[in-house]
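Colleague: Before we talk about any labels, could you show me the model and then let me ask how each one was earned?

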Amino acid sequence: MLSQDASCLQCHEGGKRRFWVGSVHNTRDVGCTSCHTVMRSVSERNQLSQKTEVATCGQCHQIQNARQYHNAHMPLRPGAFQSSTAVDGKMSCSSCHNPHGTVGEKLIAHISTRDNCLSCHADKRGPFLWEHVPVTEDCLNCHDPHGTTRESMLKLGLPRLCTSCHGTGHPGNPQTAGSRFVVGSSCLQCHGQIHGSNHPSGRRLLR
Amino acid sequence: MRRAVPAQALAAALGVFALAPGPAGAEEELGPVIVSGEAQLGGRGVWGQSGSAKFREYRDIPDGAFGSLRFLIEDAERRYYLKGWLDDLAEDDQQYRFEGGRYGRWGIRGFYSEIPHVFSRQAVSPYADLGKGVLALRPGFDRTLAAGSPAYNAQLTPSTAANPSPTLPTRLQFRTIEGSGEIFFKPTSEWDLSAGYRIFDRDGSRAKAFGFGSPGGNYINLAAPIRERIHEARADAQYVRETWNLGLNYTGSFFVNDLNGFSADNPLTNPLAETPGSSALGRSSLAPDNSAHLVSLSGAALLPTSFPARFAGSFAWGLSLQNDDFLPQTSNQTINGNPLNAARLVLPQNNLDGRVQTLAGNLVFTARPHSNLNLKARYHIYDYNNQSDEITFPGEVPNDRNIRAGTTSIANSYRRQDALLETTWRFTASTTATLGFEWQHWNRSGDREVRNLNEYGPTARIDWRAAEWARMRASYAFAARRGSDYNALPGALDGLRKFSQADRLRHRFDLQAQLDPRADLGFTITSAFSLSDYDDSAQGLTDDNRWNIGIDASYQLHERVGLWANYAYDYIWAFQEQGGGTWDSTTYDTAHNAGVGATSS
């Protein structure tokens, strides 16, 4: 453990820092002063080394920082035109992660990635009568929550994401560029209940 | 699909300017209290096509003044305090945060935020929202006209003063209001107690589509209503000692949807012409009310060994419930009104009686048996046990047309396990090497193609401090994923493997360099390269490769002024083949991000 960390932990152990020792940041020599300042204030809250939390994490996690500027993104951006540049957007990295350490993976501040997403997107929780099983296993099967160039933060555009798994009938048939199976919302133009359906006739996620 | 950025939207983005907000702050003694704070006030002007939804996706950016407020009120001894952060005052994305109490002992926090989510400011629709989930074609829309005829199509063109039509502007956005309150109490230096409540309220609409024909025939897009709330209650207790700590947490989440479904007129079938094969009205379900309860116990402890060793773990039990009443099988009255269909339209039960039990466990062990040697072991298990009823429906009416034989719903369950073993050896003063092994196992039930899936492989990492001001890291991970027999579902395409269950070989390389040649100058470079080969997939996704690089530079120009610049490049290449080789698809995604700025403190 870095000696500087020991000094900080004398007062700041506990709370969200209970699992700091042995955490990913700790074991990779990312100490307290890598992200926090002590003798001067830069950020408005939490003594961060940069103006905002996103900028602080973005020093090392540059790709995740860059992806929030992609076409589909969560409301993380600090925003140059906010009334105060010291305030983060509506979300920040700590909305999902605990950088001080967690017992789980990826520093997710919940028991699983899916449960983390469902804390705000509880409409996808179900259980549904007709499940779309990859949805119940992991939201990251289809989405990248840091941001993507595809709508709804999908990792691949439609219909390619769907045809990665589905190939029977019209998903597998070759289509022309203007086909209704390809343009617009593509597969979701009929299969709109993609996260699951509670309708008795919703087996195909149509209703 | 790549879309050209509308010139007007780009102009709007470039045309926005803001007068630098002028802060004014002070600290004053007012009787028994000390008040300090800061007020910021600025002016904003926007020109260009300010109607761009993407520009205003999560923000309210009107012309005129904007401001924020910060304040801190303390007693003379500075034991008690009240803080406040108020931003975007009186705007649709306003946000307020308060905290007060006694330093280090107890406090209360409050938070209020409004988040707009704008999908489009130019949407038009022939549907009107009549409330309670009813979307009806506006008066004047004539469904008896021949589909595709000039007269019919004229109804779908946006209404103008010269050519009025039933297709009028419609709202395609929703607003989330988040509010929360929390109390926290620290009765002793070891105890941390807190309890809180949070609510999300979402109101508005979003684009949704469904069809009236099959496959892919006669579908409509409309603004489906959103009337949802999430209530979350939480209680947390932690006990922290020098060598061990323990925590207990309860979280209850309750999702409430004012609408269990919505209905919409079929623009191509009027009620007098309805047939079993073409319904005049379609009805779709919306997300059902549900609840989830989670109790978790976590803790960590230093082990009584002669060398530093620590154990951390957590155990969580969760229960999710859902018993919203089912909608009827169909809204097609020619099907509902035929007594011969009655037996197949019967709903065996009123609701799913949905119940899912989850168990999650984490164990982490770290040790330093030698000053140059670190050991780490981690184990994670997540069990998703779906105990919902499996219901056999005698019939079904997909797309509200043509009743046919029903089927049985399936409650899928799964268990996922992960394990990691890692050892780090510092073999010179400036260099450490890490070797590890990772394993992941999936066990699935229900109608899944692969019952057991294993992914495993070695990892390696080198950390090198080339100089006091230069640190570098390089890592490599290989993973081979292999499953039990792939039992394709009936009718599935031969050789197609669903990527979440398919065999896979994955290579991943990561590089990072942190350079601080001077106290006022720093650079960070990161790069990652991932190659995924779905080697047993003859069809479907066969390759997924990703590469990215990011560079960040910062320079402290002055004690109170810093400059920064960054650039990131993201590249994705994915290949899939389908249709027995009749077609294949290569997807390329590239993104460039660059930024420059200055900060003052």
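**How the labels are earned**

Modeller: Let me begin with B:Glu449, whose relative accessible area is 2%, and which is therefore called buried; please keep in mind that this is a predicted model.

Colleague: Why is B:Arg448 called buried as well?

Modeller: The word is used for anything under 20% relative accessible area, and B:Arg448 has 8%, so it is buried.

Colleague: What makes B:Glu449 and B:Arg448 a salt bridge?

Modeller: The rule asks for a side-chain nitrogen of Lys or Arg within 4 Å of a carboxyl oxygen of Asp or Glu. The closest N and O atoms of B:Glu449 and B:Arg448 are 3.8 Å apart, so the pair counts as a salt bridge.

Colleague: How do you know that B:Arg497 and B:Asp536 form a salt bridge, and which parts does the pair tie together?

Modeller: Their closest N and O atoms are 3.7 Å apart, and because the cut-off is 4 Å, the pair qualifies. B:Arg497 lies in the loop between β27 and β28 of chain B, and B:Asp536 in the loop between β29 and β30 of chain B, so the pair ties together parts that are 39 residues apart in sequence.

Colleague: Why is B:Asp536 called partly exposed, and is B:Arg497 buried or exposed?

Modeller: B:Asp536 has a relative accessible area of 41%, and since buried means under 20% and exposed means over 50%, this value falls in between and the residue is called partly exposed. B:Arg497 has 17%, so that residue is buried.

Colleague: Which residues do salt bridges with shared partners join into one network?

Modeller: That network is made of A:Glu137, B:Arg444, B:Arg448, B:Glu449 and B:Lys498.

Colleague: What makes A:Arg67 and B:Asp570 a salt bridge, and where do these two residues lie?

Modeller: The closest N and O atoms of A:Arg67 and B:Asp570 are 2.6 Å apart, which is within 4 Å, so the rule is met. A:Arg67 lies in helix α5 of chain A and B:Asp570 in strand β31 of chain B, so the pair joins two chains. Both A:Arg67 and B:Asp570 are buried.

Colleague: How many salt bridges does the rule find across the interface of chain A and chain B?

Modeller: It finds eight across that interface, while the count over all chains comes to 40. B:Arg70 also forms a salt bridge with A:Glu44, with the closest N and O atoms 2.5 Å apart.

Methods
Residues are numbered from 1 along each chain as its sequence is written. Chains are lettered from A and ligands numbered from 1 in the order in which they are written. This is a predicted model: local features need pLDDT of at least 70, side-chain atom pairs count only at pLDDT 80 or more; totals for chains, interfaces and linings use all residues. Side-chain values use heavy atoms; hydrogens and water are left out. Helices (H or I, at least four residues) and strands (E, at least two) are DSSP runs, numbered from the N terminus. Buried means under 20% relative accessible area, exposed over 50%, partly exposed in between (1.4 Å probe, protein chains only).
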